[in-house]
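Thank you all for coming; I would like to take a few minutes to walk through one structure that is probably new to most of you. Please have the display in front of you, and stop me whenever an element is hard to find.

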Amino acid sequence: LQNMKMVPVPEKAYGTFFEGDCYIILHTKRTSRGSAVDLHYWIGKDSSQDEQGAAALYVTQLDNALRGNPVQHREVQGHESETFQSYFRNGIIYKKGGVASGFKHVETNIYNIKRLLHVKGKKHVSATEVALSWDSFNKGDVFLLDLGKVLIQWNGPSCSIAEKSRGLVLARSIRDSERGGRAQIGIIDNEKDSPDLMQIMKMVLGERRGELRDAIPDTKADELQKANVRLYHVYEKDKDLVVQEIATRPLTQDLLQHEDCYILDQGGFKIYVWRGKASSLEEKKAAFTRAVGFIQAKGYPSSTNVEVINDGAESAMFKQLFQRWTEKDETQGLGKVYTTGKIAKVEQVKFDTTQLHARPELAAEQRMVDDASGEIEVWRIEDLQMQPVNPKTYGQFYGGDCYLVLYTYLRSGRPHYILYMWQGRHASVDEITACALNAIELDKKYGDEAVQVRVTMGKEPTHFLAIFKGKLIIYEGGTSRAQKSTPEPAIRLFQVRGTDEMNTKATEVPARASSLNSNDVFLLTTSQVCYLWCGKGCSGDEREMAKMVADIVSKRDKHTILEGQEPAEFWEALGGKAPYASEKRFQEQVTHYQPRLFECSNQTGRFIMTEVVDFCQEDLDEDDVMLLDTWEEIFLWVGKASNTYERNEAIASAKEYLKTHPAGRDLATPIILVKQGYEPLNFTGWFNAWDPYKW
């Protein structure tokens, strides 16, 4: 903003901001549903109140011109949102002064420069101009001494590899964009090894007296704080602004009424303003003012992030704060919905597994690593040790046990491993712990290359179903050990769901009439007979799969009965008739979830996650533990050089993430541990253009 007017910034200067100015950033991105538009206004720490007001006003006008589609953000220097930081991959540079005091974005005589930049951040880098003095330095950050023709990068002794490499990216970007490539870069990684460069630094900064300051810890909101979401209704009453709290987590979408405006406070970390379609123009205009007023009233820092959102054009980040979010006229990506009589089924569209290698994004969407034709080995945890399971009974899992399933498949001629840890609902804590410890030992045996997947009973992932070829049977309790403590029940009821060998599973349910469901096939086994009960909504494929399962669970005669034509003995075995679910089953319509990538850090004893928006393979650093959330599963990616503490805490971090997620997530979501260099297709498919040879 120059003299209260919007003046375009030359593209060469993108990412450089004067501390005395305000800026407006418009970002458009193509998506599967059209395009996503974001509007940001950025406030420099030395900008005037008038400029800040003007910037907010321009954003509102731009929003109107773009018909209310953009998501609007208020950004304060040094506290920018992760979305904003994702636009400037090479880092953000803050310059002293402003346009008003005669500074230009792109200087022509670019060599008579003398400045010191303090570079901070690992995933999101920013560089601030600081005083040319040794007092500005500390042991934990990177500093760039910019002398025009020479750039010296000084790395603090306690910097991480990622911080050093991000610092270098920034130095190169200054050389290439501001100096036309004509500048030398020197690096001081250890002062003793670089006497010549140290000599130049001393000429500019003088001799260093005394010790360097210790590293300054980053102050960041932890996940516990971000999980504390509250929704407020904002309205005017007799010229006064009323802010009324209406709900805390988990929030549901129906709380937002189209006639009103709301403020959603995410633990003071970020403030969202949602503007209903039918709310008045006055209300819409006042969105930012209200948010800033709310921040002051709450005593939050003035640098708190604000995002203004329009009804129907919500950002992914906003939707993820709700328990579930349904878009109008959207059914899930897979499957066509068609109706037969009273009962609607979601038909699973067959997908061709041979395409997985050519299209890793399909592997990710379908959550399939391969076509499930690899080798299986199964062990049961017994007396805290691994006991091999008889291959004849592969696929039968008992709720009182824990199992390890090793799946081996070939990719480009070499073996890859997936290790599933299946935890029974009634297994003891000791067994669950032993299962995890044995998994680590088994993984070591295979050179630490296995992908480890934690599977909670009843939450088996797609690929797990596929490897048992339709013969996956889950018994509620008991054990598959030789000496059983309790006799098996005489009457058992199993619900069978699935249409082919790749997606079928039978689950034991209480043997009562109320367990039935018109959408499925059920097997009722008694000491005399095995009934195949076919609900009105089941398909021929489902009946065929159930017959296959029936041969495993019972050696008795099979009787097929249709819903509504049951013999009296059938109801007797179930303890009498009772009402049961006969409504058509609609597929849960959850918004097509955008995967999110986070860097996890647990070193300070607080659990902190930094989101990387618009991520790519480059964002996986060797010394990181990263978390990829695809909603249906959580991946933990472990870098080769990550520290042992963070590696050991990874699973705990993932559980903590699910626990503190504002949307009230299912704690049984599968957690998948992936090692750098051994990424399976269902992981790499979430990244655009994955390079298997990068490392």
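Let me begin with a hairpin, formed by strand 11 and strand 12 with two residues between them, and in its turn D238 has a positive phi of about 45°. I should say at once that what you are looking at is a predicted model. The two strands of the hairpin run antiparallel and are joined by eight bridges, and if you look for L231 you will find that its bridge partner in strand 12 is A247. Strand 11 is also joined to strand 13, again in the antiparallel sense, through six bridges, with H233 standing opposite Y262 of strand 13.

From there we can step back to the sheet that holds these strands, which is an open sheet of eight strands in the order 2-3-4-15-14-13-11-12, with mixed pairing. Its edge strands are strand 2, residues 22-31, and strand 12, residues 240-248, each of which pairs on one side only. From one strand to the next, the twist averages 20°.

At the strand 2 end, strand 2 pairs with strand 3, residues 34-43, in the antiparallel sense over ten bridges, and I24 is found opposite Y41 of strand 3. Helix 1, residues 49-65, packs on this sheet, where it touches strands 2, 3, 4, 14 and 15, and its direction makes about 165° with that of strand 3. Helix 7, residues 287-298, packs on the sheet as well, touching strands 3, 4, 11, 12, 13, 14 and 15, and its direction makes about 145° with that of strand 14.

Let me turn briefly to another pair, strand 9 (residues 150-155) and strand 10 (residues 184-188), which run parallel and are joined by five bridges. Here L151 has I185 as its bridge partner in strand 10. On its way from strand 9 to strand 10 the chain passes through helix 3, residues 161-178, and this β-α-β crossover is right-handed.

Further along the chain there is an open sheet of ten strands, also with mixed pairing, in the order 19-18-21-22-23-34-33-32-30-31. Strand 19 (385-388) and strand 31 (608-612) stand at the edges with a single partner strand each, and therefore one side of each has no neighbour in the sheet. Neighbouring strands here are turned by 25° against each other on average, direction ignored. Helix 14, residues 644-660, lies across strands 23, 30, 31, 32, 33 and 34, and runs at about 160° to strand 33.

Within this sheet, strand 22 (residues 414-423) and strand 23 (residues 451-456) pair in the parallel sense over six bridges, with Y420 opposite V453 of strand 23. Which residues, then, line the largest cavity? Y420 and V453 are both among them, together with others including R367, I418, V451, H463, E633 and N682, and strands 22 and 23 each supply at least two residues of this lining. The lining divides into eight nonpolar, two polar and two charged residues. The cavity itself has a volume of about 90 Å³, and the structure holds four cavities of 30 Å³ or more.

That is where I will stop, and I am happy to go back to any of these elements on the display.

Definitions and conventions
Residues numbered from 1 in each chain as written. Predicted model: local features only at pLDDT ≥ 70, side-chain atom pairs only at ≥ 80, totals over all residues. Heavy atoms only, no water. Pairing = 2+ DSSP bridges. Helix = DSSP H or I, 4+ residues; strand = E, 2+ residues; numbered from the N terminus. Right-handed = clockwise from strand over helix to strand, strands pointing away. Axes fitted to C-alpha atoms, helices over the stretch in contact; angles between N-to-C directions. Contact = heavy atoms within 4.5 Å. 1 Å grid on protein atoms, 1.4 Å probe; cavity = no way out; pocket = protein on both sides within 12 Å on 5 of 7 lines; lining within 4 Å. Points joined across faces, edges and corners; volume = space filled by probe spheres on them. Nonpolar A, V, L, I, M, F, W, Y, C, P; charged D, E, K, R; others polar.
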